[in-house]
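How is a helical chain best read when sequence and coordinates lie side by side? Please keep both in view while reading the paragraphs below.

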Amino acid sequence: METTTYSPPWWKWVVMMASFFALLIGSTVSYCAGVVHVAMLDYYHEDVTVTAWLGSLFASMFALTGPIASLVINMFSCRTCVMLGGVLQLVGFACSVFVTDMRWLFLTYAILVGLGEGLVYTGSIVILGFYFRDQVSLVTGVGMAGVGMGTFFLPPLTQYLLDNYGLKGCFLFLGAIAFHAAEFGALMRPSNLETELAVSAKSGKSVCQRILTSLCGRCDRVGEMFHPAFLLLLLATFSFSVGNFISYLFLPDIFIKQGSSPQEASFLFSMVGIGGALARLLGGFAANDPNIGPSVLFSGTYGVIATIDFFIWPMTKTMVGKVAYAFMFGLYASVGWVLINPLTLHIVGVRNLASGYGIAMFTSGVGTLVGPPIASVIVEAYGKYQEAFYFAGSMFFVSSVCGLMVVVLKKTQSDVPEEKPDVPELQIQTDGKDHAHHVDEVTVVIMCPSTDHHLSPRASSGKLNPSFQEEISN
């Protein structure tokens, strides 16, 4: 007989802080790719193109691995996903220490470490949707602020480690730092709703059926996964990812070509990180306001950054303009990462949250991977960076329009059928007694030390136990 446990109501605040710190140290390693890129060129003396593809693959793996993270979450739990991610990053960095041929780093560094980062990122975000269904925008913003803080301190720390311990020593330190995400993942106890959905997913299904359901959502709700609003969200996610990483790739060179020194360009790029940290936190608060909402915020912010990108060349002629552009780019271009989770939850529902978020992140990863090569072709064809930024601005504009259409097409509460957990016979502990809720033929029991008998959750009035009814209604 399977045994499960339930989380107390106050545990959600522990989970929120655990998500913040897991994202802080376990999902920001890819922001060090530029620093490590230079060290790899000096150490391995490989072709620049090969090294660039290694860095590009590593930077995009956190998003490309979204479906794999969804599979782990739906098959096991968010806690398992985050802990596994921390372990994989440690193993990947440790194996990279023994690599003598850079091409092996595609396996140990790009794939293993990148996969681990993706598991930590997706698991830490999705669990907030299970615990905070009504304030998901707000708490996602708090959690994503950890990513912003990580982008501020981790690249300088990586440079310090490279200067003092070399590339191999830096790999060991980064692996040890990222492994601590597993400790915070251990605190992410599955919520009552996540536990119920996991029990429902396992009951009466073969392993193949469970894998298919985990990747694509429930078969009886496939229409929700292909709802026009969700397809528009995927297009918007792809578009802003293309624009984002084109700008991240060429922005330092733009500053240098406009008269800044490399040190000034580094300072200006740190302004992007400061703006991004503020955007992740403030964006969560704004999206949680019912008068604004995530869809309107998504459309508005990317409309602003699209406009700014078309005026980058005159804006960056002075130092004041460069600082203003860098800060505004970080402020407006980073909001989308906060809004993907609440938008996915509103469109596909909590049952398909993990699958939907994984698909959205995979779409983002594709945009991250193909955006820089497309921009490189544009730069080679025209010989200037302005055209690449005009293309990035166009992609931001497409993302803005798609976000505006999501406002019209996304499901409202009246469109979404009431979600009931479909839990098998579930026995939960309340006030020292065992309460059984009979739904199917499988039995899940929590044995209480104070009693060995089973009582019905339904009183003489026929109503469910209040604690169980509250979890269903939420």
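What follows moves from the whole chain to its core, then to single residues and helix pairs.

The model is a predicted one, and its secondary structure comes to 19 helices and 4 strands. The protein has 474 residues, of which 56% count as buried. Among contacts in the protein with a separation of 6 or more, 81% are accounted for by residues 24 or more positions apart.

The largest nonpolar core holds 121 residues, and the members that touch the most others are Met40, Tyr109, Tyr121 and Trp337. If residues up to four places away in sequence are left aside, methionine 40 touches His45, Thr51, Leu54, Met102, Leu105, Tyr109, Leu167 and Phe171; one of these, Tyr109, is itself among the four core members with the most such neighbours. In soluble globular proteins, nonpolar side chains tend to be buried together.

Two other members of that group of four, Tyr121 and Trp337, lead to methionine 361, a residue of helix 17, which spans residues 353-382. Not counting residues up to four places away in sequence, methionine 361 touches both Tyr121 and Trp337, together with Phe62, Ala63, Leu64, Gly66 and Ile340. Methionine 361 counts as buried because its relative accessibility is 0%, and the cut-off for that class is under 20%. Its C-alpha atom is separated by 8.7 Å from that of leucine 234, although the two residues are 127 residues apart along the chain.

Gly66, one of the residues touched by methionine 361, belongs to helix 4, which covers residues 66-75 and has 7 of its 10 residues buried. Those buried residues are Gly66 itself, followed by Ala69, Ser70, Val72, Ile73, Asn74 and Met75.

Glycine 146 gives another view of contacts across the sequence, and it lies in helix 7, residues 136-186. Because its relative accessibility is 0%, glycine 146 counts as buried. Beyond residues up to four places away in sequence, glycine 146 touches Phe20, Leu23, Leu24 and Thr28, while its C-alpha atom is separated by 7.8 Å from that of alanine 277, 131 residues along the chain from it.

The remaining paragraphs turn to helix packing. Two packed helices are described by the angle between their axes and the distance between the axes. For helix 13 (residues 293-309) and helix 15 (residues 319-333), the axes come within 9 Å and cross at roughly 150°; the pair is therefore roughly antiparallel, since angles over 145 degrees are assigned to that class. The crossing of helix 13 and helix 15 is left-handed. On the helix 13 side the contact is formed by Thr301, Tyr302, Val304, Ile305, Ile308 and Asp309, which meet Tyr325, Met328, Phe329, Tyr332 and Ala333 of helix 15. The residues of this contact divide into 9 nonpolar, 1 polar and 1 charged.

Helix 15 also packs against helix 11 (residues 228-257), at an angle of about 170° and with the axes 12 Å apart, and helix 11 and helix 15 are therefore roughly antiparallel as well. Here Asn244, Ser247, Tyr248, Leu251 and Phe255 in helix 11 meet Lys322, Tyr325, Ala326, Phe329 and Ala333 in helix 15, and the residues of the contact divide into 7 nonpolar, 2 polar and 1 charged. Tyr325, Phe329 and Ala333 of helix 15 take part in both contacts, meeting residues of helix 13 as well as residues of helix 11.

Key
Residues are numbered from 1 along each chain as its sequence is written. This is a predicted model: local features need pLDDT of at least 70, side-chain atom pairs count only at pLDDT 80 or more; totals for chains, interfaces and linings use all residues. Side-chain values use heavy atoms; hydrogens and water are left out. Axes are lines fitted to C-alpha atoms, for helices over the stretch in contact, and angles run from 0 to 180 degrees between N-to-C directions. Helices (H or I, at least four residues) and strands (E, at least two) are DSSP runs, numbered from the N terminus. Angles under 35 degrees count as roughly parallel, over 145 as roughly antiparallel, 65 to 115 as roughly perpendicular and the rest as oblique. A crossing is left-handed if the near helix is turned anticlockwise from the far one by less than a right angle, and right-handed if clockwise. Contact means heavy atoms within 4.5 Å. Ala, Val, Leu, Ile, Met, Phe, Trp, Tyr, Cys and Pro count as nonpolar, Asp, Glu, Lys and Arg as charged, and the others, Gly among them, as polar. A nonpolar core is a set of buried Ala, Val, Leu, Ile, Met, Phe, Trp, Tyr and Cys residues joined through side-chain atoms within 4.5 Å. Buried means under 20% relative accessible area, exposed over 50%, partly exposed in between (1.4 Å probe, protein chains only).
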